[in-house]
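Here's a quick tour of this chain, helix packing up front and a handful of individual residues after that. Have the model open as you read.

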Amino acid sequence: MSVKGRFFQCILCVILYIGICLFLLEIKHSFYLTQYQISMFFSNNVTKQECFGVTQSVKKPINLEIEFLKRDEMNGEPINLQESVTILQQISNVCMKYNLKTPLIKRHFLYNSQHKSMYCWIRKVASTSFTKLFADMKNRTPTRNYYREVDILTPKTLKEVQHVSHNTKIFKLLVVRHPFHRLVSSYRDRIADNSKYTAQAWIYTEKIFRFTRPELFHSNTTTGNFHEKVFTPDKRLKIIPTFKEFLEWLLQNPEEDDVHWSQYYTHCAVCNIRYNYVLKLDDYTYGQINYVFSKFGLDKNKVYFPKLEETRGGYTNIDITCKYFANLTQELALKLYNKYKIDFEMYNYDVNRYINCANKNFGQS
């Protein structure tokens, strides 16, 4: 082969080599591009799934509520900003800790669209006073039948409750007190006070005694049947279950829930509603009440806020509660705490003092 022929042959080899290299580079680029696209596709989908799960099960941060409180404080409202923020944050933390999903029950809320206010009533936590207040806000003359009054003041539909609960222009109030104080108050007012008829005494006393004093159900001509032994003709109690009997029955029958002793977090759907303010009734100040009035759009000098009603025999405070706990075993007191543990955690209430009260030898018989 001539020199000229060999030269052309070398040129063709070089061109072929370059072509093969370019072809291989293109394949390699396409492979990595495809791998990157596949990787990004799966990465994006996993991230979306994880975020979706978090959104469903975790209560969002309370940044918006904090901003509202800061704005109120700057406007000169009488609030303890740090205390309010701490309680709202604690509620959010506990909801996340236990992954709580709480029911939304229409009848548990009072709502006034004109005053842009919603409130969850809790029995034995100034609910009568706040029901009167909401009736006054609606220019109604409240009756003594506060249960009927609630039906008038509550939102019309569950859908309206859901809408209001997410409306940041509506001020949402929650009022609580120490769970054990409320429980003792409920027992004293609805079970032990036999100067009046109560639905709770009529309904639950028979159930309590079937558990604690079954001998009362043995009828004879001398003592009569159970109702003749235990109730007067106008349905008031002649034989009163002790506080200990009431608790033993309650702990053995958790399904026997009543609005006078149900847990706060379930009754008021605290993990579904973004409350703006929590008023702790144990040590409230008139400044706090004035703050609530201002958020309700009320003039504190013109509105009448009724005195908090007391249970017959006096308001249930720390000392009264301790006396009732004196006849409990420490084991029973701890079981009771476990029933209301979430409420204790959400609102930073102390239990140790009442566990210690169970070791003392004074109190009711």
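Let's start with a helix pair: α8 (residues 199-212) packs against α10 at an angle of about 90°, and their axes are 9 Å apart. Angles of 65 to 115 degrees count as roughly perpendicular, so α8 is roughly perpendicular to α10. Keep in mind that this is a predicted model.

**Where α8 meets α10**

- On the α8 side, the contact is made by Y204, K207, I208, F209, F211 and T212.
- On the α10 side, the partners are E245, F246, E248, W249 and Q252.
- Sort the residues of this α8 and α10 contact by class and you get six nonpolar, two polar and three charged.

**α10 and what sits on it**

- Which residues of α10 are buried? They are F243, E245, F246, L247, W249 and L250.
- E245, F246 and W249 turn up twice, then: they are buried, and they also take part in the contact with α8.
- The cover over the buried residues of α10 includes α7, α8, α13 and α14.
- Just past this helix, N253 sits in the loop between α10 and α11 (264-267).
- N253 counts as buried, at 19% relative accessibility, and the cut-off for that is under 20%.
- The N253 side chain reaches back to the helix, with the backbone oxygen of W249 at 2.8 Å.

**Where α7 meets α13**

- A second pair to look at is α7 (residues 179-192) with α13 (residues 318-325): their axes come within 10 Å and cross at roughly 75°.
- With that crossing angle, α7 and α13 are therefore roughly perpendicular to each other.
- From α7, the residues involved are F180, H181, V184, Y187 and R188.
- They meet I318, I320, T321, Y324 and F325 of α13.
- By class, the contact of α7 with α13 has seven nonpolar, two polar and one charged residues.
- Here's a handy bit of helix geometry for reading such residue lists: an α-helix has 3.6 residues a turn, so residues three or four places apart point the same way.

**α13: cover and cap**

- Buried residues in α13 are I320, T321, C322, Y324 and F325.
- Of these, I320, T321, Y324 and F325 also belong to the contact with α7.
- What lies over the buried part of α13? The cover includes α7, α10 (243-252), α14 (330-339) and α16 (352-357).
- At the N-terminal end of α13, N317 acts as a cap, placing a side-chain oxygen 3.2 Å from the backbone nitrogen of D319.

**Two buried residues in helices**

- Y265 has its place in helix α11 and is buried, with a relative accessible area of 15%.
- How far apart are Y265 and I91, in sequence and in space? They are 174 residues apart along the chain, yet 9.1 Å apart from C-alpha to C-alpha.
- Setting aside residues up to four places away in sequence, Y265 touches L100, T102, V270, I342, D343 and M346.
- S84 belongs to helix α3 (residues 81-97), and it is buried too, at 8% relative accessible area.
- Apart from its neighbours within four places in sequence, S84 is in contact with L69 and Y277.

**Two asparagines with positive phi**

- N99 has a phi near 50°, a positive value in a residue other than glycine.
- You'll find N99 in the loop between α3 and β1 (109-112); it is partly exposed, with a relative accessible area of 37%.
- N348 also has a positive phi, about 55°, although it is not a glycine.
- N348 is in the loop between α15 (341-346) and α16, and it is partly exposed at 44% relative accessible area.

**The chain overall**

- How many helices and strands does the protein chain have? There are 16 helices and four strands.
- Of the 365 residues in the chain, 44% are buried.
- Among contacts with a separation of 6 or more, 76% come from residues 24 or more positions apart.
- The accessible surface comes to about 20,400 Å², and carbon and sulfur atoms account for 55% of that.

Note on methods
Residues numbered from 1 in each chain as written. Predicted model: local features only at pLDDT ≥ 70, side-chain atom pairs only at ≥ 80, totals over all residues. Heavy atoms only, no water. Buried < 20%, exposed > 50% of the residue type's maximum accessible area, 1.4 Å probe, protein only. Contact = heavy atoms within 4.5 Å. Areas by Shrake-Rupley, 256 points an atom, 1.4 Å probe, with all protein chains shown as cover. Axes fitted to C-alpha atoms, helices over the stretch in contact; angles between N-to-C directions. Parallel < 35°, antiparallel > 145°, perpendicular 65-115°, else oblique. Nonpolar A, V, L, I, M, F, W, Y, C, P; charged D, E, K, R; others polar. Polar contact = N/O pair within 3.5 Å; in protein donor to acceptor, adjacent residues only side chain to side chain.
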